Amino acid sequence: MNKCKLLLTILILSLCSCHTELIENLRLVNNLYVDKDGALYDGVAKGYYDSGELSGKTAFNHGVPEGDWTSYGHNGEIVQTGNSKVYYPKFKTIGPAKDVVRVNVNIFHEGNNLITDIFIINNSFTNELIKQKDPTLFNKIIAFLKSNNIPIDTKQVYRITFVKGELEKVD
């Protein structure tokens with residue numbers, strides 16, 4: 001009985017220690033997400049629609065979106081579930097991007113489809129590269145990443161996004 005109480009107490013404490021923040025409250029500073037106090041964010045960040053419904057949640061590790069995430073529709077249904085893996089390359093230039101900080105590979109399910117999006121976090125270039133629009137550059141970048149030991153299933157990759165932060169919108 002005492003063992004059960006101890007395990008239950010540990011479980012409750014571990015659940016309470018998980019930090020949760022609104023995505024809107026995080027700021028992007030030097031390619032990392034920080035909380036209102038300027039500390040690198042660790043925990044889960046949640047976003048909400050104007051209606052108050054949950055739109056998504058994302059895990060963060062030392063200011064970087066890393067781990068599991070979920071996007072929800074307006075009726076609370078799960079639209080996408082995925083996992084983001086972070087790679088810190090030795091190289092600093094990928095295609096048109098200079099000062100590359102990291103590469104995030106997002107593998108996610110959307111319905112029955114398995115999709116991979118690649119985010120190249122850098123300080124010099126912001127753009128979205130779609131496979132069908134520029135296949136030559138797209139394939140060169142994929143080959144470069146694979147040659148540098150970043151595992152990518154090329155059949156699943158839809159887009160490569162060059163940004164300062166993964167949650168940033170590209171115009």
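Start with the largest nonpolar core, a set of buried Ala, Val, Leu, Ile, Met, Phe, Trp, Tyr and Cys residues joined through side-chain atoms within 4.5 Å, where buried means under 20% relative accessible area with a 1.4 Å probe, protein chains only. Select Ile94, Ile118, Ile120, Ile141, Leu145 and Ile160: of the 18 residues in this core, these have the most contacts inside it. Now colour β8 (100-110), β9 (113-122) and β11 (157-163) along with α2 (135-147), as each of these elements gives two or more residues to the core. The top contributor is α2, with four residues. Helices (H or I, at least four residues) and strands (E, at least two) are DSSP runs, numbered from the N terminus.

This is a predicted model: local features need pLDDT of at least 70, side-chain atom pairs count only at pLDDT 80 or more, and totals for chains, interfaces and linings use all residues. Residues are numbered from 1 along each chain as its sequence is written, and side-chain values use heavy atoms, leaving out hydrogens and water.

Next, zoom in on Leu145. Leaving aside residues up to four places away in sequence, Leu145 touches Phe91, Ile94, Val103, Ile118, Ile150 and Ile152; contact means heavy atoms within 4.5 Å. Another core, of five residues, lies apart from the largest one; select Leu26, Tyr41, Ala45 and Phe60 among them.

Finally, visit the largest pocket, an open set of points on a 1 Å grid over the protein atoms alone, where a 1.4 Å probe fits, with protein on both sides within 12 Å along at least five of seven lines. Of its 29 lining residues (an atom within 4 Å of a point), Ser71, Gln80, Phe119, Glu166 and Leu167 lie nearest its centre. Show β6 (64-72) too: six lining residues come from β6, the largest share.

Key:
Buried means under 20% relative accessible area, exposed over 50%, partly exposed in between (1.4 Å probe, protein chains only).
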